[in-house]
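Reader: I would like a close look at a single part of this model. Please take one spot, work through it, and then follow the chain outward from there.

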Amino acid sequence: MRAVVKARPEPGLVLQQMPDPRPGEGEVLVRVKATSLCGTDAHIYRWDEWAQGRIRPPRILGHELCGEVAELGPGVTTVAVGDYVAAESHLTCGVCFQCRTGQAHVCRNYRILGVDLDGSYAEYVALPERVLWKTAREIPPELACLQEPLGNAVYAALAEDVAGRSVFISGCGPTGLFASAVARTAGASVIIASDVSEYRLGLAKQMRADHVLNAKTESPESIAAAIREITAGEGVDAALEMSGDPTALHVAFRAVKNGGRVTLFGIPTGPVCFDLPNEIIFKGIRVYGVTGRRLFDTWYRLSGLFKAGLDIRPVVTHTFPLAEFKHGFDLITSGRCGKVVLIP
């Protein structure tokens, strides 16, 4: 089969022929119909410090996918050949404290598809039966493959109820854009989005944000003041920080009202200092650290959101054949894209 591979410990990826995977006990072979690029893959593509410490080439990248079951390994009982599926990318151990107490999303021993084992930038991928998610045929492949990253936004936005509440989203990358759509579908009253890119603020408007603020042309103080003005001086009920930028983190804590909540999804590149008394303690706010998706609670909620009218199509800005993967990573570097999808 053809696959996009980190063949050597250096920047870049290559498209090459690889042996077709074979499903083992409890595994299935999935014919990949669509797979999307992720920021994690961009780190591996650039071969930055994190990637150098984590990836052991050769490795087929990719962890966001949908496809059809092509072959069953021994002992598989819950799916059949021809089923249309997506997949959870975190392969959990099932035996640690977290897995046994309903917190598998923070399993201490998890492995990640496309990072610790071969992934979905290929024509076929072998996956454990237990990570597959049967998907409605009405959802086209270029959207169905996004259910894994979309789940991050569902978890971040709905860590608490947002119906009838005001929401501030800091960072309009794909997950922030997804979060806007999720919050709107879940009944948020007002959605405010900020980013340094006019391009992505334009996408935020398409994802039904009511107000957009440019963090490149406006100061943190003016953004916080604008949010207070929009919310009659109160601040927002929920602030979702999706960028990891230190300045944006402080704005999120300033923007939230006393007694509100802040959800942190963006990952800073280093330590960040906070004014704990004034930004958190005296405001009496709740802070959530969000990683991945709650397994599989978030997937079920996502299925219900699709039925309720969740529309993420504007986030998919580009699709390419598998062989044109480099164009996708160039777009991610430029910032002038939403989600980029590869079609094997």
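Author: F296 sits in the loop between strand 16 and helix 11. This is a predicted model, and everything below is computed from it.

Begin with the backbone at that spot. The peptide bond from L295 to F296 is cis. Its omega is near -10°. Most residues other than glycine have a negative phi, and most peptide bonds are trans. Now the side chain. F296 has a relative accessible area of 23%, so it is partly exposed. The limit for buried is under 20%.

Which ring stacks with F296? It is the ring of W133. A pair of aromatic rings is described by the distance of the centres and the angle of the planes. For W133 and F296 the centres are 6.2 Å apart and the planes are at 5°, so the pair is stacked. Planes under 30 degrees apart count as stacked. The two residues come from distant parts of the chain. W133 belongs to strand 10, residues 132-134. F296 lies between strand 16 (286-289) and helix 11 (297-307). The separation in sequence is 163 residues.

W133 is buried, because its relative accessibility is 12%. It has another ring partner, Y300. Here the centres are 4.9 Å apart and the planes are at 85°, so this pair is edge-to-face. Planes over 60 degrees apart carry that label. W133 is in strand 10 and Y300 is in helix 11, so the pair ties together parts that are 167 residues apart in sequence. Y300 counts as exposed because its relative accessibility is 59%.

Put the rings together. W133, F296, W299 and Y300 are linked into a cluster by ring pairs. The count of aromatic pairs comes to six.

Now the other cis bond. The peptide bond from P57 to P58 is cis, with omega near 0°. P58 is in the loop between helix 2 (49-54) and strand 4. That loop leads to a sheet. Three strands form this open sheet, in the order 2-1-4, with antiparallel pairing. Strand 2 (14-17) and strand 4 (59-60) are the edges, and each pairs on one side only. Strand 1, residues 2-6, pairs with strand 4 in the antiparallel sense over two bridges. One contact can be named: K6 has R59 of strand 4 as its bridge partner.

Strands 12 and 13 pair in the other sense. Strand 12 (residues 190-195) and strand 13 (residues 211-214) run parallel and are joined by four bridges. S194 has L213 of strand 13 as its bridge partner. The chain goes from strand 12 through helix 7 to strand 13, and this β-α-β crossover is right-handed.

Stay with helix 7. G202 lies in this helix, which covers residues 198-206. G202 counts as partly exposed, because its relative accessibility is 27%. Its C-alpha atom is separated by 42 Å from that of E27, and the two residues are 175 apart along the chain.

Past the helix comes R208, in the loop between helix 7 and strand 13. R208 is not a glycine, yet its phi is positive, at about 75°. R208 is exposed, because its relative accessible area is 51%. A232 also has a positive phi, near 55°, and is a residue other than glycine. A232 is in the loop between helix 8 (220-230) and strand 14 (236-241). With a relative accessible area of 70%, A232 is exposed.

Two covered places remain. One is helix 5, residues 147-157. It is mostly covered, with 11 of its 11 residues buried. Among them are E148, L150, N152 and Y155.

The other is R261, in strand 15, residues 256-264. R261 is buried but has no salt bridge. The nearest side chain of opposite charge is E160, 4.3 Å away. A salt bridge needs the nitrogen and the carboxyl oxygen within 4 Å. The backbone of E160 is a partner, though: the side chain of R261 reaches its backbone oxygen at 3.3 Å.

Conventions:
Residues are numbered from 1 along each chain as its sequence is written. This is a predicted model: local features need pLDDT of at least 70, side-chain atom pairs count only at pLDDT 80 or more; totals for chains, interfaces and linings use all residues. Side-chain values use heavy atoms; hydrogens and water are left out. Two strands pair if DSSP finds at least two bridges between them. Buried means under 20% relative accessible area, exposed over 50%, partly exposed in between (1.4 Å probe, protein chains only). Rings of Phe, Tyr and Trp (its six-membered ring) pair if their centres lie within 6.5 Å; planes under 30 degrees apart count as stacked, over 60 as edge-to-face and the rest as tilted. A crossover is right-handed if, with the strands pointing away from the viewer, the path from the first strand over the helix to the second runs clockwise. Lys and Arg count as positive and Asp and Glu as negative; His and the chain ends are not counted. A polar contact is a pair of N or O atoms within 3.5 Å; within protein, one must be able to donate a hydrogen and the other to accept it, and residues adjacent in sequence count only if both atoms are side-chain atoms.
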